Amino acid sequence: MTQTAATDARPELDSGRAFGRHGSTSLRVGAATLWLSVIVLLPLAAILWQSAKGGAAAFWAAVTSPSALRSFEVTLTVSIGVTVINGVFGLLVAWVLTRDDFPGKRLVDAVIDLPFALPTIVASLVMLALYGPNSPVDLHLQHTKWGIGIALLFVTLPFVVRSVQPVLLELDREVEEAAASLGAKNITILNKVILPALLPSLLSGAGLAFSRAIGEFGSVVLIGGAVPGETEVSSQWIRTLIENDDRTGAAAISIVLLAISFVVLFVLRAVGSRAARREEQAR
């Protein structure tokens, strides 16, 4: 009799636990959605509403003005170059930090995160002191695209390194050793074994670096100088528009940058996800 009663009670108990888990999940999802809406979606909606105040004609005029187009050209050209360079050297730095042992390794690993913690205007001051008119290395890059590029390399490097580093740590070295024992050369192991596994994280880090680069302001404000048509990036053009009380135009430029960033991140992550699925199937 007791056993029968216990057996009958189990479905109710399991049902109660399932309901509790479902309720807890719903609460977490609701809280996360609310927080995302307040912190991300609401500001995006506000900037979209601001950009649409003048209508489609005003929006188009703002984003196609000669100054806006020149700022887009400078921003995208430098940002693409910075992303490619940091994609290569970020992978190299991550490899050294995970596969090599050397004195001061922990210090170097900590220094990688410095651009995250350092205020961007301080980064611009550092670049100006190093590459400005009184450069101690006799390299004068103020008011040049090269100066902007170096500043952006500084602030975006951690995105690539920290995206790739955890994946490198988890890679199964036995696969590399097996390939080497079968006579595969280092370059073959890199291309056929390591890079396919790293591609999703590398693309994700590159996408984050690009998105940061096209919206960066503080680190380039001094070294770049905002010379119209030469070193004025889009974020600096937005500031100029705000100073001239053209908030609708500034919002329109911001929407274009947001759209470019979103598309690049979406495409790179889609490619990365497809590469990850192919890699999983190959295993």
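## Overall architecture

Read from the N terminus onward, the chain follows the pattern α-α-α-α-α-α-α-α-α-α-α-α. It has 12 helices and zero strands, where helices (H or I, at least four residues) and strands (E, at least two) are DSSP runs numbered from the N terminus. The model is predicted: local features need pLDDT of at least 70, side-chain atom pairs count only at pLDDT 80 or more, and totals for chains, interfaces and linings use all residues. Residues are numbered from 1 along each chain as its sequence is written, and side-chain values use heavy atoms, with hydrogens and water left out.

Of the 283 residues of the chain, 34% count as buried. Here buried means under 20% relative accessible area, exposed means over 50%, and partly exposed lies in between, with a 1.4 Å probe and protein chains only. The accessible surface of the chain comes to about 16900 Å², and 67% of this area belongs to carbon and sulfur atoms; the areas come from the Shrake-Rupley method with a 1.4 Å probe, and for residues only the protein chains shown count as cover. Among contacts between residues at least 6 apart in sequence, 75% join residues at least 24 apart, a contact being heavy atoms within 4.5 Å.

## Annotated spans

The unreviewed UniProt entry places the feature "transmembrane region" at residues 27-49, 74-98, 110-131, 143-161, 193-214 and 249-268. UniProt positions are given in the numbering used here, feature names are shortened, and annotations may be inferred rather than shown by experiment.

Two of these spans can be described from the model. Residues 143-161 are 89% helix and 0% strand, and the end C-alpha atoms lie 28 Å apart. Residues 193-214 are 100% helix and 0% strand, with end C-alpha atoms 33 Å apart.

## Helix geometry

Helix H7 (residues 145-170) has 26 residues and should span 38 Å at 1.5 Å a residue; its end C-alpha atoms are 38 Å apart, which agrees. The expected span is 1.5 Å times one less than the number of residues. H7 nevertheless bends by about 40° at Thr156, and Pro158 follows within four residues. The bend at a residue is the angle between axes fitted to the seven residues ending there and the seven starting there.

For the 34 residues of H3, the expected span at 1.5 Å a residue is 50 Å, and the end C-alpha atoms are 49 Å apart, which agrees. H3 has a kink of about 25° centred on Gly87.

## Nonpolar cores

The largest nonpolar core has 16 residues, and those with the most contacts inside it are Val164, Leu168, Leu171 and Leu198. Such a core is a set of buried Ala, Val, Leu, Ile, Met, Phe, Trp, Tyr and Cys residues joined through side-chain atoms within 4.5 Å. Helix H3 (66-99), H7 and helix H9 (186-215) are the elements that give two or more residues to this core. Its largest share, six residues, comes from H9.

Leaving aside residues up to four places away in sequence, Val164 touches Leu91, Ala94, Leu198, Ser201 and Leu202. A second, separate core of 15 residues includes Val74, Val82, Ala151 and Ile223.

## Two residues of H9

Leu195 is placed in helix H9 and counts as partly exposed at 28% relative accessibility. Beyond residues up to four places away in sequence, Leu195 touches Leu91 and Leu190. Leu195 and Leu91 are 104 residues apart along the chain, and their C-alpha atoms are separated by 10.0 Å.

Ser211, also found in helix H9, counts as buried at 17% relative accessibility. Its contacts, not counting residues up to four places away in sequence, are with Ser261 and Leu265. Ser211 and Thr156 are 55 residues apart in sequence and 9.3 Å apart in space, C-alpha to C-alpha.

## Loop residues

Most residues other than glycine have a negative phi. Asp138 has a positive phi, near 55°, and sits in the loop between helix H6 (120-131) and H7. This residue, Asp138, is exposed, with a relative accessible area of 60%. Asp245 also has a positive phi, of about 60°, although it is not a glycine. Asp245 lies in the loop between helix H11 (234-243) and helix H12 (247-282) and counts as exposed at 61% relative accessibility.

Phe102 is found in the loop between H3 and helix H4 (105-111) and is partly exposed, with a relative accessible area of 27%. Not counting residues up to four places away in sequence, Phe102 touches Val96, Leu97 and Val108.
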